[in-house]
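The following exercises concern a chain interface and a group of charged side chains. Each task is followed by a solution in steps.

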Amino acid sequence: MIEVHNLAKHYKIAKRDPGLRGAVKSLFYRKYETKEAVKGINLHIEASEMVGYIGANGAGKSTTIKMLTGILTPTSGEVKVNGIVPYENRKQNASHIGAVFGQRTQLFWDIPVRESYELLKHIYEIPQKQYEETLAEFVEVLHLEPLLGIPVRQLSLGQKMRCELAAAFLHRPKVVYLDEPTIGLDVAVKVRIRSFIKQMNARYGTTVLLTTHDMQDIEEICQRIIIIDDGSVIYDGSIQNIKSQFGDKRVIHFELENSDNFILPQELAHAAQVLPREEEDLHKISITFSSRDISGAELISIMMNHYTVADLTIADPKIETIVEEIYGRGMKKEVQHEEVH
Amino acid sequence: MIRYIKLYYLFCKQNLKVMMEYRMDFLLGVLSVMLQQFAGIFFVKIVFDHIHELNGWTFYEILFIYGIAATGRSIHHIFFDNLWTLGWQYIRPGKFDRLLIRPINPLFHFIADRLQQDGFGQLFIGIIVLGTAMPHLDISWGFMEYVILIIMIIASGFIFVAVNLFFATLSFWMVDSLPIVWTIFNLSDFARYPLTIYHKGIRHLLTWIIPYGFTAFYPAAYFIKGSGFENLALLTPVAAIVSCALAYLFWNRGLKAFTSTGS
């Protein structure tokens, strides 16, 4: 369904000296610097696969998706989605794809949701009968009934996202790109959205490419993940594999009464590391460990024996940590070989 | 084509509904534009209280030019007003991407996204001014004259559209070209008076480079005997078509540049 071969995108960005002087100088004379946002990636995604496309901010996720949707023309390489080259036949490609771009609405701001859907029906030339069926189904699954008469601008974030999702799937697209569809939403809405996506995939065989920072999204929706870092694919394989290798990573943040002379207690030296402190939060100590080496409870109790702990938070394993970890352990090559097709 | 006409109708219907929702906005917008136009006409009236003619043009002839400019401009103002917003409302906040993943022409979608109520004020004033001026001109108004007048006004509207489209397109390279669009648009004020009162340079600029001359003065001159511009005036529809075509080609180039650099 999605075929990507040696895809690369380079941007030219103006380099500017700092301050007002730099700004004035750049009016007359500019140095350009090439930024390689995507460096020759290869992807092969089958029809009706659900793939998590993850990476840190600025890793090249959005740039890739923009090229897949036809918004951006690649610098080099080949893209084919459903047999169509998106940036050459943008309109043709557009009728087969759906998209949700995080905070940017695809709906019409001032008009009620139902009328937005009506307009989309005409834009995508959806047959009346199919439109009615689809909408009835979506209204039920996403609980849209009370929202249909309200203008988009008056909806809450969660309500808007539900409407947004329905809009992306309304024309029964073959491929749907979801860029951070659950960002900033409460748990109940997240659950509903995830089950909706799974249902669409089961029913219509929709291919889904999902980018998110929420590991829960990935675990529940995707069978496969692709991790991109600094413009290159560093992992492409099953989610189980990555979880068993890296999913045991935990981070606990401690707030200590006195953290000036903090050193990691002797007992933890073999099992945990201290993360570099963030500048704005110098008294916070973050400790990373693997749940295979030591349990969270054990670590906390050791810490409490040595220091007066004012507060602590246990963080979910973040995708950034996993990416770091892949590099850190030098697993890059090893894991890449285990591709699933 | 039929599909686009139908789509435009549907977009319009939605836009009208929104307009009705903000009733106060509608009335204030229309009134303020009418007031603004009226101030311009009032100024001309004061000038003509002191002189009888301006370089051979009478008060009603000038009023007639004014009327054509106002009605032509109203076409642009009502239906193509979104051109002003390309940079700051679409490209800068990333909203333009939305138009690129729809299976319809992005320019069409962009234009159809908005209907500008304030333009109706322009239209009313334009029609009133034309209605006032026309009986005082030395023309017998038959069917053909009306048809030609309407064609001229439509052409005038599309020249406004073409010029704005051309300069709005610069936003694809520079994010927001609004200051340029605005500066150029202000040149059209010159075109509301007989071009013969200006220096040759300005006249050529407004005829062949930024063809605002065809938005009011030349079309009006077609109807005024002895103006000496009857033949050039016939080029008005041609000027409209050529400038729209050029602007659209330029838009496509801009779009191409945009999709290869991103915002």
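**Exercise 1: The interface between chains A and B**

Task. Describe the extent of the contact between chain A and chain B, and state which residues of chain A lose the most area.

Solution. In this predicted model, 29 residues of chain A are in contact with 31 residues of chain B. Between them the two chains bury about 2,600 Å², and carbon and sulfur atoms account for 55% of that area. On the side of chain A, the residues that lose the most area to chain B are Ile71(A), Arg90(A) and Ile123(A), which together make up 23% of what that side buries.

**Exercise 2: Polar links and contributing elements**

Task. Count the salt bridges and polar contacts between chain A and chain B, then identify the elements of chain A that take part.

Solution. Step 1: three salt bridges are counted between chain A and chain B. One of them joins the side chains of Lys66(A) and Asp97(B), at 3.6 Å from N to O.

Step 2: eight residue pairs are in polar contact between the two chains, both residues being at pLDDT 80 or more.

Step 3: the elements of chain A that give two or more residues to the side touching chain B are strand 1 (2-15), helix 2 (61-69), helix 3 (90-94), strand 5 (97-101) and helix 4 (113-123). Helix 4 of chain A gives the most, with five residues.

Step 4: by residue class, this side of chain A divides into 14 nonpolar, six polar and nine charged residues.

**Exercise 3: The salt bridges of Arg194(A)**

Task. Determine which residues form salt bridges with Arg194(A), and whether each partner is buried or partly exposed.

Solution. Step 1: Arg194(A) forms a salt bridge with Asp214(A), with the closest N and O atoms 3.5 Å apart. Arg194(A) lies in helix 7 (residues 187-204) and Asp214(A) in the loop between strand 7 (207-211) and helix 8 (215-221) of chain A, so the pair ties together parts that are 20 residues apart in sequence.

Step 2: the side chains of Arg194(A) and Asp217(A) meet in a salt bridge at 2.6 Å, N to O. Asp217(A) lies in helix 8 of chain A, so this pair ties together parts 23 residues apart in sequence.

Step 3: Arg194(A) also forms a salt bridge with Glu220(A), whose closest N and O atoms are 3.8 Å apart. This pair links helix 7 and helix 8 of chain A, 26 residues apart.

Step 4: the cut-off for buried is under 20% relative accessible area. Arg194(A), at 4%, is therefore buried, and so is Asp214(A), at 18%. Asp217(A) is buried, whereas Glu220(A), at 33%, counts as partly exposed.

Step 5: Lys190(A), Arg194(A), Asp214(A), Asp217(A) and Glu220(A) are linked in a network of salt bridges.

Methods
Residues numbered from 1 in each chain as written. Chains lettered and ligands numbered in written order. Predicted model: local features only at pLDDT ≥ 70, side-chain atom pairs only at ≥ 80, totals over all residues. Heavy atoms only, no water. Contact = heavy atoms within 4.5 Å. Buried area = accessible area lost by both parts, 1.4 Å probe. Salt bridge = Lys/Arg side-chain N within 4 Å of Asp/Glu carboxyl O. Polar contact = N/O pair within 3.5 Å; in protein donor to acceptor, adjacent residues only side chain to side chain. Helix = DSSP H or I, 4+ residues; strand = E, 2+ residues; numbered from the N terminus. Nonpolar A, V, L, I, M, F, W, Y, C, P; charged D, E, K, R; others polar. Buried < 20%, exposed > 50% of the residue type's maximum accessible area, 1.4 Å probe, protein only.
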